[in-house]
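Please open the model in a viewer and display the chain as a cartoon. This tour proposes a series of selections and describes what each of them shows.

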Amino acid sequence: MAKERLYDEVIVDALREDPAFAQAYLHQAFLDIDEDGGQEAFLLALRHVVEARGGMATIAQKAGVSRESLYRTLSPTGNPTLKTLRSVVHATGFQFSVLAS
């Protein structure tokens, strides 16, 4: 479990330091969403970006959802609505439509 945590921290730090990388990271995860495991991978990528762009509490507040709800939404078993995804992506400073282009 320690290696996974270290990986997450390295990714979050890289995303925090480079907003262009954060956008490219989300974009690629979105493009891969139809692959096996793609939905889970996209939610993990979004969780990394959320952590890099202010953390769960800050982004939850900006997105208009509770922190607990955001944790559940971005969990491997999360099943967010399009409205929630759009709100969370927007709260990180990106436009949802940009992810597809």
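The tour begins with the whole chain and then proceeds to individual helices and residues.

**The whole chain**

Begin with everything selected, and bear in mind that this is a predicted model. The cartoon shows seven helices and zero strands. Followed along the sequence, the pattern reads α-α-α-α-α-α-α.

Next, rotate the view to judge the overall dimensions. The C-alpha atoms occupy a box of roughly 30 × 30 × 25 Å along the principal axes. Why may the chain be described as agreeing with a compact globule? For 101 residues such a globule would have a radius of gyration near 13 Å, and the chain has 12 Å, so the two agree.

If the viewer can draw a surface, add it now. The accessible surface of the chain amounts to about 6,200 Å², and 53% of this belongs to carbon and sulfur atoms. Beneath it, 37% of the 101 residues count as buried. Among contacts between residues at least 6 apart in sequence, 59% join residues at least 24 apart. Colouring by charge is also instructive: there are 10 positive and 13 negative charges, and their mean positions lie 10 Å apart.

**Confidence**

Colour the chain by pLDDT. The mean is 93, and 99% of the residues reach 70 or more. Which helix has the lowest confidence, and which the highest? The lowest mean, 87, is found in helix H7 (residues 96–99), whereas helix H4 (residues 56–63) has the highest, 97.

**Helix H1: Leu 6**

Select residues 2–17, which form helix H1, and pick out Leu 6 within them. Leu 6 has a relative accessible area of 52% and is therefore exposed. For a sense of distance, add Arg 67, which lies 61 residues from Leu 6 along the chain; their C-alpha atoms are separated by 23 Å.

**Helix H2: Leu 31**

Move to helix H2 (residues 19–31), where Leu 31 is located. With a relative accessible area of 45%, Leu 31 is partly exposed. The C-alpha atom of Leu 31 is 18 Å from that of Leu 74, a residue 43 places away along the chain.

**Helix H3: His 48**

Now select His 48, in helix H3. Is His 48 buried or exposed? Its relative accessible area is 3%, so His 48 is buried. Display the surrounding side chains as well: beyond the neighbours within four places in sequence, His 48 is in contact with Tyr 7, Asp 8, Ile 11, Val 12, Leu 15 and Tyr 25.

**Helix H4: Lys 62**

Continue to Lys 62 in helix H4. Lys 62 is exposed, at a relative accessible area of 57%. Adding Glu 51 gives a pair that is eleven residues apart along the chain, with C-alpha atoms separated by 13 Å.

**Helix H5: Thr 73**

Select residues 67–73 to show helix H5, which contains Thr 73. The relative accessibility of Thr 73 is 11%, and it therefore counts as buried. Which residues are in contact with Thr 73, leaving aside its neighbours within four places in sequence? They are Leu 43, Gly 78, Asn 79, Pro 80 and Thr 84.

**Helix H6 and its surroundings**

Thr 84, just encountered as a contact of Thr 73, leads to the final stop. Select helix H6 (residues 82–91) and highlight its buried residues: Thr 84, Leu 85, Ser 87, Val 88, Val 89 and Ala 91. Then reveal what covers them, which includes helix H3 (38–52), H4, H5 and H7. Finally, select Gly 93, which follows H6 and has a positive phi, near 100°.

Note on methods: Residues are numbered from 1 along each chain as its sequence is written. This is a predicted model: local features need pLDDT of at least 70, side-chain atom pairs count only at pLDDT 80 or more; totals for chains, interfaces and linings use all residues. Side-chain values use heavy atoms; hydrogens and water are left out. Helices (H or I, at least four residues) and strands (E, at least two) are DSSP runs, numbered from the N terminus. The radius of gyration is taken over C-alpha atoms; the globule rule is 2.2 Å times the number of residues to the power 0.38. Buried means under 20% relative accessible area, exposed over 50%, partly exposed in between (1.4 Å probe, protein chains only). Contact means heavy atoms within 4.5 Å. Accessible areas come from the Shrake-Rupley method with a 1.4 Å probe; for residues, only the protein chains shown count as cover. Lys and Arg count as positive and Asp and Glu as negative; His and the chain ends are not counted. The place of a charge is taken as NZ of Lys, CZ of Arg, CG of Asp or CD of Glu. pLDDT is the predictor's confidence in each residue, from 0 to 100.
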